[in-house]
Amino acid sequence: MRPATPPSPSLPPRLCVGVLSGTSVDAADAALCRVEGTGAGVALQLLAHVSHPFSPDLVARVLGPQDARSLCALNFELGERFAEAVLAVIARAGVKPGDIHVVGSHGQTMAHLPSDLSPIASTLQIGEADVIAERTGLPVVSDFRTRDMAVGGQGAPLVPYLDWAVFRNRERPDATRAFLNLGGIANVSVVGEHVDDTLAFDTGPANMVLDGLARRVTQGQLGCDRDGSLSSRGQVIPGLLEELLAHPFLARPPPRSAGREGFGEALVDRLWEAAPERPHDLMATARAFTVEATARAFETWVHPRFPRLEAVYASGGGTRNPVLMADLRARLAPVPLERLDVLGFPEEAKEAALFALLAAEHRAGTPANVRPATGAMRRVVLGKLTP
């Protein structure tokens, strides 16, 4: 994708790796990208992508109850897993570790408490950067959320910067595109020519509630609603759906960000207790919850400001659930819903590519938080460098 202006001659192409595990906690994903320029003139090319699944035991421990001792151990263990993914994607690209400019590691979010959830706004991602740096021999930028929160922001979402910098319509600057990420949590970015005109926020749950229920319905055999096979066997429970849609988060205006605190195991427990004898109906209701929460967010916050969207481009694990995608496509009509792949970028690599870009911008000294998305008082350089 060509930049709107020529990249800065002082910033030649750099090879950067991004790595993370998302809110679904299913794998360490790493992407190796060539990044040229910075800011509005940045260009990013994906060279390789890998996904290393986590063991069921590790997933259970990350999602389970924590104390200081368990967090301490997981921090270093996840650092090892992220380092393995980084080395694997470098090998897949056929380059040498010494060719890499920087690694950007988002890590694994264990708690995210913006100001509307806690009197002290805070966030915690683990996956020890020192371990990644030692195993790879590369500088690592990590902790991308904290600086934004220090200047009054929510620390999330972070992906709007990539959506604007890489995926905005450069050939038609007046066009607006919406980017919907369907991870554990769903978020949307609506981008045009100027970064400060971006609208971006978390819409609510995507796969998080479905994943939690799938583990219970299959007694741990499946960690998601694979191909919609579980939710499609049930019927929506209307009263329960309306109760879910009354969740206070859904009524909050942007900027807003969500996590396991609102849509994690506590909510799954509540659903399971409501109708344990109707597991597939619970799955169908959870899928409808994702669809309706997403559609209402568009109707309430997006369409009044951007009535003529070019399209909605979707990424994340939810795009691999054809039933969920069909429901969303019908509910968002007449705006087209497409996978990000139609823009020439594989959707499964998007989030890892984000952290390659954010790490490159950290090294360039370029602020990369999107103020309208997070509510921060000012733009700041994101991340902390581990040499």
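In this predicted model, helix 7 (residues 238-245) and helix 10 cross in a right-handed sense, packing at an angle of about 40° with their axes 10 Å apart. Helix 10 (residues 279-302) also packs against helix 6 (residues 208-217), here at an angle of about 170° and with the axes 9 Å apart. Besides these helix contacts, the model holds seven aromatic pairs, and ring pairs link F167, F179, Y313 and F345 into a cluster.

**Helix packing around helix 10**

- Because the angle between helix 7 and helix 10 is about 40°, the two helices count as oblique to each other.
- On the helix 7 side, the contact with helix 10 is made by L240, L241, E242, L244 and L245, while helix 10 contributes L282, T285, A288, F289, E292, A293 and R296.
- With an angle of about 170° between helix 6 and helix 10, helix 6 is roughly antiparallel to helix 10.
- The contact between these two is made by V209, L210, L213, A214 and V217 of helix 6, together with P279, H280, L282, M283, A286 and R287 of helix 10.
- L282 of helix 10 is listed in the contact with helix 7, and L282 is likewise listed in the contact with helix 6.

**Aromatic pairs and the ring cluster**

- Among the seven aromatic pairs is that of Y161 and W164, whose ring centres lie 5.9 Å apart and whose planes stand at 50°, so the pair is tilted.
- Y161 and W164 are three residues apart in helix 5 (residues 160-167), which means that about one helical turn separates them, and both residues are buried.
- F263 and F289 form a tilted pair as well, with 6.2 Å from centre to centre and 50° between the planes.
- This second pair links distant parts of the chain, since F263 belongs to helix 8 (residues 260-263) and F289 to helix 10, 26 residues apart; F263 and F289 are both buried.
- F289 therefore appears in two settings, as a ring partner of F263 and as one of the helix 10 residues in contact with helix 7.
- The cluster linked by ring pairs consists of F167, F179, Y313 and F345.

**A charge over a ring**

- R168 lies over the face of W164, at 4.6 Å from the ring centre, and W164 is also the residue whose ring pairs with that of Y161.

How values were computed. Residues numbered from 1 in each chain as written. Predicted model: local features only at pLDDT ≥ 70, side-chain atom pairs only at ≥ 80, totals over all residues. Heavy atoms only, no water. Phe/Tyr/Trp six-rings, centres within 6.5 Å; stacked < 30°, edge-to-face > 60°. Helix = DSSP H or I, 4+ residues; strand = E, 2+ residues; numbered from the N terminus. Buried < 20%, exposed > 50% of the residue type's maximum accessible area, 1.4 Å probe, protein only. Lys NZ or Arg CZ within 6 Å of the ring centre and 35° of its normal. Axes fitted to C-alpha atoms, helices over the stretch in contact; angles between N-to-C directions. Parallel < 35°, antiparallel > 145°, perpendicular 65-115°, else oblique. Left-handed = near helix turned anticlockwise from the far one by under 90°. Contact = heavy atoms within 4.5 Å.
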